[in-house]
Amino acid sequence: MTTLALDISNMFKLDFSGEVIMSLIVMLIICILSVIIFFVFRKKDPTKPDHGFTMVVETAVEKIQNFVVETMGRKYEGFTGYVLTLALYIFLCFFLGITGLPNALISLQVPLSIGLCTFVMIHAVAIHKNKWKYYKRFTSPLAVFLPINLISMWAPLLSLTLRLFGNALSGYIIMSIMYYYLGALSDVIFGGFVAQGLSSIWIAPIITPWLHMYFDLFTGAIQTLVFIVLTMIWISQEDPDESIEENVTLKEELA
Amino acid sequence: MDNGLKYIGAGIAMLGVIGSGIGEGRICAHALDGMARNPEATSSLRGTMILGCAIDETTGIYSLIVAILCLFI
């Protein structure tokens, strides 16, 4: 029996390991949140002031809209939805790591898909704004630069993907190692006093919350910020004609 | 022999984080200089410093991914 170069016997079997299920759970949480926000805001009276949940949601959307307008300019205000969805997905993926469940970003497909969304968006905006002059960027200073430019156009995709993947994977590996060795340490210390199954759970809850605070919350917030800032800067750089007076935020306009 | 070479390769791959550490130190040093000269720009400098540190960290993470690839694949 000869061995095939491309083995397709496993091609149509689905993979339901932990990270794939976590990605679906995050998607489910975002869908449920969107539906709840839709129904709450539909029956809210616009003339009355906000309370509680509506105030939180409106403040969040307004802050992100101000951030988008401040970074990209007034005419890119419509990108708020895209940026908010990306930010919510990435932050929620990292945030659910505090429960001990695996992070959805540790399988390479998820950050690659998110990076591909931004990559396609960058080139779509570039083609839309530049039309046929888009192809000038490949022979940019001289025609001999064509191979270098072809390779360097993939650099944003690579850096976005590997940044999320590396942070999530290193956090997950370090937390797994800490949980395992703290359990073994607790077994050694408390093995004589307590029953056999309950002796490994006493030291980890003292030390691991602080590690979760750094690896999940802090890293999640910073990586979200970096991802959306890079997305916005790369998209707004594609515009050939920029004017400075368009960078007015919503508050300044109403004042 | 192959197993030992894997660990040596992972160790050499992690030499790339030296640059990341030096770079982040310089970023924070210049940000502190700016904050000392102009205390009212503190929040804007702090935000840019954190963003710059996170982007600088990426090259260190590339070397981590290469080391993990050496060890496990």
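**Exercise 1. A residue in chain A**

In which helix of chain A does A:Ala168 lie? Then classify its burial and list its contacts.

*Solution.* This is a predicted model, in which local features need pLDDT of at least 70, side-chain atom pairs count only at pLDDT 80 or more, and totals for chains, interfaces and linings use all residues. Residues are numbered from 1 along each chain as its sequence is written, while chains are lettered from A and ligands numbered from 1 in the order in which they are written.

Step 1. A:Ala168 lies in helix H6 (residues 155-190) of chain A. Helices (H or I, at least four residues) and strands (E, at least two) are DSSP runs, numbered from the N terminus.

Step 2. Count C-beta atoms, placed from the backbone: a residue is buried if 20 or more others lie within 10 Å of its own, exposed if 12 or fewer, and partly exposed in between. A:Ala168 has 28 other C-beta atoms within 10 Å, so A:Ala168 is buried.

Step 3. Set aside neighbours within four places in sequence; A:Ala168 is then in contact with A:Asn103, A:Leu105 and A:Ile106. Contact means that the C-beta atoms of two residues, placed from the backbone, lie within 7 Å.

Step 4. Take a distance. A:Ala168 and A:Val35 are 133 residues apart along the chain, and their C-alpha atoms are separated by 29 Å.

**Exercise 2. A residue in H2(A)**

Place A:Val57 in a helix and classify its burial.

*Solution.* Step 1. A:Val57 is in helix H2 (residues 52-72) of chain A.

Step 2. A:Val57 has 16 C-beta neighbours inside 10 Å, so it counts as partly exposed.

Step 3. Compare sequence and space for A:Val57 and A:Ile37: they are 20 residues apart in sequence, and C-alpha to C-alpha they are 8.1 Å apart.

**Exercise 3. Two helix pairs inside chain A**

Describe how H1(A) packs with H3(A), and how H2(A) packs with H7(A).

*Solution.* Step 1. Helix H1 (residues 18-42) and helix H3 (residues 80-95) of chain A pack at about 125°, with axes 10 Å apart. Axes are lines fitted to C-alpha atoms, for helices over the stretch in contact, and angles run from 0 to 180 degrees between N-to-C directions.

Step 2. Name the geometry. Angles under 35 degrees count as roughly parallel, over 145 as roughly antiparallel, 65 to 115 as roughly perpendicular and the rest as oblique. The angle of about 125° therefore makes H1(A) oblique to H3(A).

Step 3. List the residues. H1(A) gives A:Val26, A:Ile29 and A:Ile30, and H3(A) gives A:Leu88, A:Tyr89, A:Leu92 and A:Cys93. By class, this contact has seven nonpolar, no polar and no charged residues. Nonpolar covers Ala, Val, Leu, Ile, Met, Phe, Trp, Tyr, Cys and Pro; charged covers Asp, Glu, Lys and Arg; the others, Gly among them, are polar.

Step 4. Turn to the second pair. H2(A) and helix H7 (residues 204-236) of chain A pack at about 40°, with axes 9 Å apart. That makes H2(A) oblique to H7(A).

Step 5. A:Val68, A:Thr71 and A:Met72 of H2(A) meet A:Val229, A:Met232, A:Ile233, A:Ile235 and A:Ser236 of H7(A). The classes are six nonpolar, two polar and no charged.

**Exercise 4. Across the chains**

How many residues does each chain bring to the contact between A and B? Then analyse H7(A) against H3(B).

*Solution.* Step 1. Chain B supplies 10 residues and chain A supplies 12 residues. The chain B side divides into nine nonpolar, one polar and no charged.

Step 2. The axes of H7(A) and helix H3 (residues 42-72) of chain B come within 10 Å and cross at roughly 90°. That makes H7(A) roughly perpendicular to H3(B).

Step 3. On H7(A) the contact uses A:Ile222, A:Gln223, A:Leu225, A:Val226 and A:Val229; on H3(B) it uses B:Ile50, B:Leu51, B:Ala54 and B:Ile55. Eight of these residues are nonpolar, one is polar and none is charged.

**Exercise 5. Whole chains**

Give the helix count, burial and contact range of each chain, then the spread of chain B.

*Solution.* Step 1. Chain A has eight helices and zero strands. Of its 255 residues, 19% count as buried. Residues 24 or more positions apart make up 72% of the chain A contacts with a separation of 6 or more.

Step 2. Chain B has three helices and zero strands. Its radius of gyration, taken over C-alpha atoms, is 17 Å. The globule rule (2.2 Å times the number of residues to the power 0.38) gives 11 Å for 73 residues, so chain B is more spread out than a compact globule.

Step 3. The C-alpha trace of chain B spans about 60 × 15 × 10 Å along its principal axes. Buried residues make up 8% of its 73 residues. In chain B, residues 24 or more positions apart account for 78% of the contacts with a separation of 6 or more.
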